[in-house]
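Biologist: I've just pulled this one up. Talk me through it, please.

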Amino acid sequence: MAVWTFDGTFNGFLCLIHESARKKERPEGILGQGKKQPLLFETVQTATDENLAASVRTALAARFSRRVLAAGYYAFLSAMAGREMAVYRYFALAWTVGPRTAGLLADERVRTVHEAGRTVSRERHRFLGLLRFTELRGVLYAPFEPEGDILPLVAGHFARRLGGERWIIHDTGRNKAAVFENGTWRMTAFRTEGPLPLSGREQEIRDLWKGYFSSTAVQTRKNAELQRRFMPKKYWKYLPEKEDGGGVL
């Protein structure tokens, strides 16, 4: 029995699946980079090959459909403990059953992955509306701190929406960012130190936005509980309209 390790990326995970199939060995556990390795198990380290990962992705989609592959990918990006083994077991089932896997909702392996994937999908949807870009000197900057590792999901959306801009979307909890310039985006390690170099009109834009947010609120119909249901407080950290005390305006 062995615990298999990889670099923590989805492409690295696909390469691990390939190596597991090639050796005809199933891991006892799977750990991404930075996770503490157990002392009582043999460890098998796997390397990431981007070309191999692309081939594995194509093969899996052909075998059990893009829908099943996407469900596994979303669950992989979740904050669920043990998500790597959960997705591994889900893909192993799908390799045998095929596209029908998505409908086997009574199976715990399917249900676990689908629930984790839905959580990621909901969080992605929320941040598409709650991400706020700040105008720095020559680049737009948007910090956020999601529970799931959804940076690649929101980056793809804003690459289409803001294709004419230079921007950075910063996952402050994981210290990494999606950087968009010259029509394409890439992931990179990223952290900020000290105050951000705001553009000359950024504070004016923020004040206008906060004024608009406050003026459009119907005071007699304020419902703090309902607002927090649709916009949970954990997402307020980087909202300019909430920076004056963090309460309901």
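Modeller: Burial words first: buried is under 20% relative accessible area, exposed is over 50%, and partly exposed is in between, with a 1.4 Å probe and protein chains only. This is a predicted model, so local features need pLDDT of at least 70 and side-chain atom pairs pLDDT 80 or more, while totals for chains, interfaces and linings use all residues. Numbering starts from 1 along each chain as its sequence is written, and side-chain values use heavy atoms, without hydrogens or water.

Biologist: OK, so is Arg89 buried, exposed or partly exposed?

Modeller: Arg89 is partly exposed, at 37% relative accessible area. The residue sits in helix H4; helices (H or I, at least four residues) and strands (E, at least two) are DSSP runs, numbered from the N terminus. From Arg89 to Val56 is 33 residues in sequence and 16 Å in space, C-alpha to C-alpha.

Biologist: What else is buried in H4?

Modeller: Glu84, Met85, Ala86, Val87, Tyr88, Tyr90, Phe91, Ala92, Leu93 and Ala94 are buried there. H1, strand E2 (29-31), H2, H3 and helix H5 (108-130) are among what covers the buried residues of H4, going by contacts, meaning heavy atoms within 4.5 Å.

Biologist: What comes after H4?

Modeller: Gly98 follows H4, and its phi is positive, near 90°.

Biologist: And which residues of H3 are buried?

Modeller: Val68, Leu69, Ala71, Gly72, Tyr73, Ala75 and Phe76. The buried residues of H3 pack against H1, H2, H4, H5 and H6.

Biologist: Back up a bit. How many helices and strands are in the chain?

Modeller: The chain has 8 helices and 8 strands. Of its 249 residues, 43% are buried. Its C-alpha atoms fill a box of roughly 60 × 40 × 35 Å along the principal axes. If you take contacts between residues at least 6 apart in sequence, 63% of them join residues at least 24 apart.

Biologist: Now pockets. What's the volume of the largest pocket?

Modeller: About 760 Å³. Gly8, Thr9, Phe10, Asp149 and Lys176 are the closest to its centre, out of 26 lining residues. Helix H1 (10-23), helix H2 (50-64), helix H3 (66-76), helix H4 (83-97), helix H6 (151-161) and strand E8 (184-189) each give two or more residues to that lining. A pocket is, on a 1 Å grid over the protein atoms alone, an open set of points where a 1.4 Å probe fits, with protein on both sides within 12 Å along at least five of seven lines; lining residues have an atom within 4 Å of a point. Points are joined across faces, edges and corners, and the volume is the space filled by probe spheres set on them.

Biologist: Which residues lie nearest the centre of the second largest pocket?

Modeller: Ile17, Ala21, Tyr88, Ala92 and Trp95, out of 14 that line it. H1, H2 and H4 each give two or more residues to this lining. The volume here is about 370 Å³. Tyr88 and Ala92 also appear in the buried set of H4.

Biologist: Switching to strands. What's the order in the open sheet of 5 strands?

Modeller: E4-E5-E6-E7-E8, with mixed pairing; two strands pair if DSSP finds at least two bridges between them. Strand E4 (134-135) and E8 each have a single partner strand, so they form the edges and one side of each has no neighbour in the sheet.

Biologist: How do E6 and E7 pair?

Modeller: Strand E6 (residues 167-171) and strand E7 (residues 176-181) run antiparallel, over 5 bridges. Trp167 stands opposite Phe180 in E7.

Biologist: And Thr134, buried or exposed?

Modeller: Thr134 is buried, with a relative accessible area of 7%. Its place is in strand E4. Not counting neighbours within four places in sequence, Thr134 contacts Val139, Leu140, Tyr141, Leu198, Glu202 and Arg206.

Biologist: Last thing, the backbone. What's the phi of Lys24?

Modeller: Near 55°, a positive value in a residue other than glycine. Lys24 lies in the loop between H1 and E2 and is exposed, at 77% relative accessible area.

Biologist: And the phi of Ser65, what's that near?

Modeller: Ser65 has a positive phi too, near 90°. You'll find Ser65 in the loop between H2 and H3.
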